[in-house]
Amino acid sequence: MWGKKRQAFIFLAGSIIFLSLPVVFSSSIMQPLGFLFKMPVFQKHFIGYCLMLSFFYLNYFLLIPKIYIKTKKSLLYTLVVVVLFFIFSLIPGLIIKNVGPLVIPKDVDPFLFEYFSEAGNYVYLFLISLACSFCLTLFFTWKQNERERMNAEILYLKAKIDPHFLFNTLNSIYALALEKSDDTPTALVKLSGMMRYVFNEAKDTFVWMDKEINYISDYIALQNIRLGDTVDLKYNVTGISAGKKIAPLVLIAFVENAFKYGVNPEEESKIQIEISITTTRLTMLVVNKKVTIRKGSIAKSGHGVSTTQERLELLYPKRHSLKINDDGKEFTVNLQIDFV
C-alpha cells in the first residue's frame, strides 16, 4: 500500500537526486565538494535548484490542493505560479551578484537584462518542478481512490459473509436444543465468542492470526458437538500464529463449505483440515469426501467460497495461491497466503 512512509521515501529520494544535478553537471565536478560550494557560480546554481525544489513542495502541498483543486480557480492558480516563478528566479541573483563578464546591449537596462538572463536558466527547472508536482498529485490521488474503493468492496463482501455465519451457527445450536443436549451451554458460549469476533474484531482489514485460528477452532468444536461420531474429522494446526496478521474470515469459508457439503449421517463422511504456519506463509488444506446433498442446498453451494476468492484477490494480489479440485469423490482446497 502506498502509505505515508512510501510517499516520504519517494520525496526524499527525489529531492536528493534533484539537488545532486548541479554537482553532476558542474564543469568542476572532479574538484572536491567543499571547493565547489566555494565557487560563486556553483552557489548561485545550487540556490536556484533549492528554490525550484521549494516551489515543488509549495505547489504539491499548498497551491494544487488549496487553490487548483479546492477552489477550482485555475486562473488564480496560474497567476500565483507565474508570480512565484519570477520571484524565485530573482532571488539567486540578489543573493549572489553577477560573477562573470556580462555583455549588455545598448539602451537595455542592466538590471532587467541580468534578471531575464538568469530567469531563462531556471525556466526548465521550474517546468520540471511544476510537472512533477502535478504528476505525483494525480498518482497519489489515484492510489488513494483505489485504496478507498478496495476498502469499500471489502466491507461490502464482509457484510455478505457475516449473516451467512450467523444463520449456520444458529442452526447448529437449534439442533442441539432440540436434542436437549448437555453441550448446548458450551455451544452457546462458543457462539457468543464467534459472534463477538465477527462483529467487533473482524471489522478491521487485518486481525491477529491467533484470533482467526481460535475462531476456526470454535466453529469446528461447535460442529463436532452437533455431529458427534457421524463424521470422521481430522483437524490440526502447526506453527506459531502469534505476532502474525491475516485478513479476517478468509479461511472459515472453506471450513464451513466442507461441513456443509461433506457431511451426511447416512453416508461415510470424512473431513480433513490442516493449517500450517511458517514465518512468511500460511498453508491451508481442506479435504472433504463428497456426499449426497439435498437439491435445495446445491443452489447456494460455493457462495462463501466465491466471495472469499474475491476478497483474496483484493487483499492479497499476487501474494496468494488457491487451488480447488473436485474429482467427483473428494473436494480439495489448497490455499497459500504470503504474510503482509
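I began with a single bridge, and noted that His-320 has Ile-337 of E7 as its bridge partner. This is a predicted model, and I read every entry below with that in mind.

I then looked up the strands around that bridge, and found that E6 and strand E7 (residues 330-338) are paired in the antiparallel sense, over seven bridges. Helix H8 (residues 252-261) came up next, since I wanted to know what packs on the sheet: H8 touches E2, E4, E5, E6 and E7, and the direction of H8 makes about 5 degrees with that of E5.

For helix H7 (residues 209-227), I recorded that it lies across E2, strand E4 (270-277) and strand E5 (281-289), and that H7 runs at about 165 degrees to E2.

I traced the sheet as a whole and wrote down an open arrangement of five strands in the order E2-E4-E5-E7-E6, with mixed pairing. Strand E2 (232-238) and strand E6 (320-326) are at the edges with a single partner strand each, so one side of each has no neighbour in the sheet. From one strand to the next, I noted a twist that averages 5 degrees.

Last, I turned to a helix pair, and noted that the axes of helix H3 (residues 40-69) and helix H4 (residues 74-95) come within 10 Å and cross at roughly 160 degrees. Angles over 145 degrees count as roughly antiparallel, and H3 and H4 are therefore roughly antiparallel to each other. I looked up the residue classes in the contact of H3 with H4, and listed 18 nonpolar, five polar and one charged. The crossing in which H3 passes H4 is right-handed.

Notes. Residues numbered from 1 in each chain as written. Predicted model: local features only at pLDDT ≥ 70, side-chain atom pairs only at ≥ 80, totals over all residues. Heavy atoms only, no water. Axes fitted to C-alpha atoms, helices over the stretch in contact; angles between N-to-C directions. Helix = DSSP H or I, 4+ residues; strand = E, 2+ residues; numbered from the N terminus. Parallel < 35°, antiparallel > 145°, perpendicular 65-115°, else oblique. Left-handed = near helix turned anticlockwise from the far one by under 90°. Nonpolar A, V, L, I, M, F, W, Y, C, P; charged D, E, K, R; others polar. Pairing = 2+ DSSP bridges. Contact = heavy atoms within 4.5 Å.
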